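Here are some exercises to help you find your way around a structure you haven't met before. Try each one on your own, then read the solution.

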Amino acid sequence: MYVESSVISYLTARPAKDGLNRVRQQLTAKWWDRRHEWECVVSPIVMLEIAEGDPGAAARRLEKARSFMEVQTSSETEWLAGMLISHKLVPESVRADAVHLALAAVHGAHYLLTWNQKHLDNLNLRSRVEDFVRKQGWEPAMVITPDRLLPEESS
């Protein structure tokens, strides 16, 4: 399971005031308690993203992420990310999201865990991205949010 930055951010953030983000934080914490059920990985781009911002918050995020193995980028992941952008499946302005998708596919992750529903867990683009990745020779990771990995009674 490739764990994207937003999951770690929700896990370590101060309690949210609005309902949706508070629920996401709670669901992420429940997933975290069960994280050992999956072989979880992060990447250098995840580490860079979570290191940004408030130093205290960044330190909390980095501490959590360091418990996972780190997979590396390669010429294949860079190529696939570039192709996702050039085929307008991911905007150039969010190149990191294309890299997350490529890393998960190239490293054979079954899941890409995220709360990013704009460019990663986007229902309007998901099947197009999956078809494209398959045509390039990789099996795409299932993009999923933490709540969808929890038993019914937990969500």
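**Exercise 1.** What is the handedness of the crossing of H1 and H4, and which residues make the contact?

Solution. Keep in mind from the start that this is a predicted model.
- Start with the handedness: H1 and H4 cross in a right-handed way.
- Now look at who does the touching. H1 brings Ile8, Ser9, Leu11 and Thr12, while H4 brings Arg60, Arg61, Lys64 and Ala65.
- Sort those residues by class and you get 3 nonpolar, 2 polar and 3 charged.
- Two packed helices are described by the angle between their axes and the distance between the axes.
- For helix H1 (residues 5-12) and helix H4 (residues 55-65), the angle is about 115° and the axes are 9 Å apart.

**Exercise 2.** Work out whether Glu52 is buried or exposed, and find what it touches.

Solution.
- First, place the residue: Glu52 sits in the loop between helix H3 (44-50) and H4.
- Next, check its surface. The relative accessible area of Glu52 is 53%, and exposed means over 50%, so Glu52 is exposed.
- Finally, skip the neighbours within four places in sequence, and Glu52 is in contact with Ala58 and Arg61.

**Exercise 3.** Which residues touch the most other members of the largest nonpolar core, and which helix gives the most to it?

Solution.
- The largest nonpolar core has 51 residues, and Tyr2, Val3, Trp31, Leu80 and Leu84 touch the most other members.
- Among helices and their neighbours, look for H6: helix H6 (residues 95-106) gives the most to this core, with 8 residues.
- Zoom in on Trp31. Leaving out residues up to four places away in sequence, Trp31 touches Met1, Val3, Val7, Trp38, Cys40, Phe68, Leu113, Pro146, Leu149 and Leu150.

**Exercise 4.** Explain why H6 is described as largely enclosed by the rest of the structure, then check its span.

Solution.
- Count the buried residues: 11 of the 12 residues of H6 are buried, so H6 is largely enclosed by the rest of the structure.
- The buried ones include Asp97, His100, Leu101 and Val106.
- For the span, H6 reaches 16 Å from its first C-alpha to its last, close to the 16 Å expected at 1.5 Å a residue.
- After H6 comes Gly108, with a positive phi near 70°.

**Exercise 5.** Lys88 and Gly108 both have a positive phi. Find where Lys88 lies, and decide whether it is buried or exposed.

Solution.
- The phi of Lys88 is near 60°, a positive value in a residue other than glycine.
- You'll find Lys88 in the loop between helix H5 (75-86) and H6.
- Its relative accessible area is 69%, so Lys88 counts as exposed.

**Exercise 6.** Take two pairs, Glu39 with Met69 and Ala141 with Tyr111, and ask how many Å separate the C-alpha atoms in each.

Solution.
- Begin with Glu39, which is in the loop between H2 and strand S2 (41-42). Glu39 and Met69 are 30 residues apart in sequence, and their C-alpha atoms are 8.5 Å apart.
- Glu39 is exposed, at 60% relative accessible area. Setting aside residues up to four places away in sequence, Glu39 touches Met1 and Met69.
- Turn to Ala141, in the loop between helix H7 (126-135) and strand S5 (142-144). Ala141 and Tyr111 are 30 residues apart along the chain, with 4.7 Å between their C-alpha atoms.
- Ala141 has a relative accessibility of 7%, so it counts as buried. Again without residues up to four places away in sequence, Ala141 touches Ala104, Ala109, His110, Tyr111 and Leu112.

**Exercise 7.** Decide whether Gln25 is buried or exposed.

Solution.
- Gln25 belongs to helix H2 (residues 19-33).
- At 13%, the relative accessible area of Gln25 is under 20%, so Gln25 is buried.
- Not counting residues up to four places away in sequence, Gln25 touches Tyr10, Ala13, Arg14, Pro15 and Ala16.

How values were computed:
Residues numbered from 1 in each chain as written. Predicted model: local features only at pLDDT ≥ 70, side-chain atom pairs only at ≥ 80, totals over all residues. Heavy atoms only, no water. Helix = DSSP H or I, 4+ residues; strand = E, 2+ residues; numbered from the N terminus. Buried < 20%, exposed > 50% of the residue type's maximum accessible area, 1.4 Å probe, protein only. Contact = heavy atoms within 4.5 Å. Axes fitted to C-alpha atoms, helices over the stretch in contact; angles between N-to-C directions. Left-handed = near helix turned anticlockwise from the far one by under 90°. Nonpolar A, V, L, I, M, F, W, Y, C, P; charged D, E, K, R; others polar. Core = buried A, V, L, I, M, F, W, Y, C linked by side-chain atoms within 4.5 Å. Expected span 1.5 Å × (residues − 1).
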